[in-house]
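User: Please take a close look at one part of this model. I would like to follow how its helices are packed.

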Amino acid sequence: MRVEKRRIALALLTILVCSGCAVNQASGGDPQVSTGQIQAQQQLADKVDQAAESMTSSPAPDPSPADQPADPPEEKAEKLVPYKGPVEHIFFHPLIAYPELAFDNDSMSKGYDDWFVTVKEFDKIIQSLYANNYILVDIHSLIDETQQNGKTIVTQKELLLPENKKPLVLSIDDMNYYDYMLQNGNVYKLILDDQGNIATYSLTPAGEKNIAYDNEIIPILDQFVKEHSDFSFHGAKGVIALTGYQGVLGYRTNLLDSPTYATEKEEALKVIKRLKETGWTFASHGYGHLDANKVSYDRLASDTQQWKKEVESLTGPVNVYIYPYGSRVETDSKKYRLLVDSGFDILCSVGPAPYLKVKPDALMMDRRHIDGISLKTQGERMLGLFNASEVIDSVRPVDPKPNVAAGKQPPAKKASPSTSAVKK
Ligand SMILES: [Zn+2]
């Protein structure tokens, strides 16, 4: 038990480092962490909650009341043309809903400055992506799967999109609402409102209950697509990447023996069902947020099994794997075989530009990290998407010594620039 708690504590400490999820950490070894820090993190880990069920490969548009006059978009003879260019894939972490908690000069503030974006920033980014003719597509629409001799063969599928539109895949990592997030300015969980729509639940810094629609990616995008239907191709929204060690979506479904487990699971299932109905899909982000490249085969195997048992049992079948820390494994390795044989045929890492490669057994895709580091230091690279200097929120702390020098390569795979910041 102590070992398990310690593992969770270490995972908590390293999760922020991950951020870019891009980055890496000391996952394999034991980071130099003080006893006090571990105890603090263990207290966090003790506070747990939980989550839920099936997946969609083709998201349905937000269902509207059944008796609307029949004029479905499909019947408008939508003009579609083959798309030949690069496919952008960007990712975020859950938004900073309360900057005063994120940037309060505690030990997590630097990590939040590096790896998260604020609500204001996200709103501007979405506006800009829309103005630049991007359209959200379902990641599953990038491939065809056929069966040959009992094996699944993956091929790239031609995208047909409305003229002048550019495809955009959006993913959200670590949408678990870990204990540390609750104390540092993220919302607490996703919930269903009285109408059965997705909202967020949190306590404000003043301790008041807050049910909102304007402080997290999912309800913000739901609303944006409602108002700008041409920002979403056939109702697609984004990919929600989940770990499992502190449950999912703010529900502590990892506490299998807890008296609250049944309730947490039931609530999570309802939220998951609604997310799937409204164009959201799910990905595995590993159970324990491990660096797949660094851990042993056996550890990756048991982690994958545990994810399937505790998370996929709630979300339903998932074929997208989003490597924590932007790690990746070699395609001729046993670990790659393990992931593919576990049902994952879309494998996503992190990189500085769109990258997509198809092998017979899987699609490999890189994602760009959108966070404080990229906003502050990779503005030029982001220009086709948005103007970072116009996006950056003035609520961010002024950093006299930026973590990553301007123009430096992003923390894609190796070497986390922020390890010290998170541990300090
Ligand atoms: Zn992550």
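Analyst: What follows describes two helices and then a hairpin.

Residues are numbered from 1 along each chain as its sequence is written. The model is predicted, so local features need pLDDT of at least 70 and side-chain atom pairs count only at pLDDT 80 or more, while totals for chains, interfaces and linings use all residues.

Helices (H or I, at least four residues) and strands (E, at least two) are DSSP runs, numbered from the N terminus. Helix α8 covers residues 261–277. The expected span of a helix is 1.5 Å times one less than its number of residues. For the 17 residues of α8 this gives 24 Å, and its end C-alpha atoms are 24 Å apart, which agrees.

A residue is buried if 20 or more other C-beta atoms, placed from the backbone, lie within 10 Å of its own. In α8 the buried residues include Ala 268, Val 271, Ile 272 and Leu 275, and also Glu 264 and Lys 265. Among the elements that cover them are β8 (189–192), β11 (239–242) and α9 (297–315); contact here means C-beta atoms, placed from the backbone, within 7 Å. After α8 comes Gly 279, with a positive phi near 95°.

Helix α7 (residues 217–227) buries Ile 217, Ile 218, Leu 221, Asp 222 and Val 225. Seen down the axis of α7, these fall within an arc of 125°, so they line one face of the helix; the arc is that of the directions from the helix axis to the C-beta atoms. Their cover includes α5 (119–131) and β7 (166–172).

Strands β4 (residues 143–148) and β5 (residues 151–156) pair in the antiparallel sense over six bridges, where pairing requires at least two bridges found by DSSP. Ile 143 has Gln 156 in β5 as its bridge partner. The two strands form a hairpin with two residues between them, and Asn 149 in the turn has a positive phi of about 50°.

Methods
A residue is buried if 20 or more other C-beta atoms lie within 10 Å of its own, exposed if 12 or fewer, and partly exposed in between; C-beta atoms are placed from the backbone. Two residues are in contact if their C-beta atoms, placed from the backbone, lie within 7 Å.
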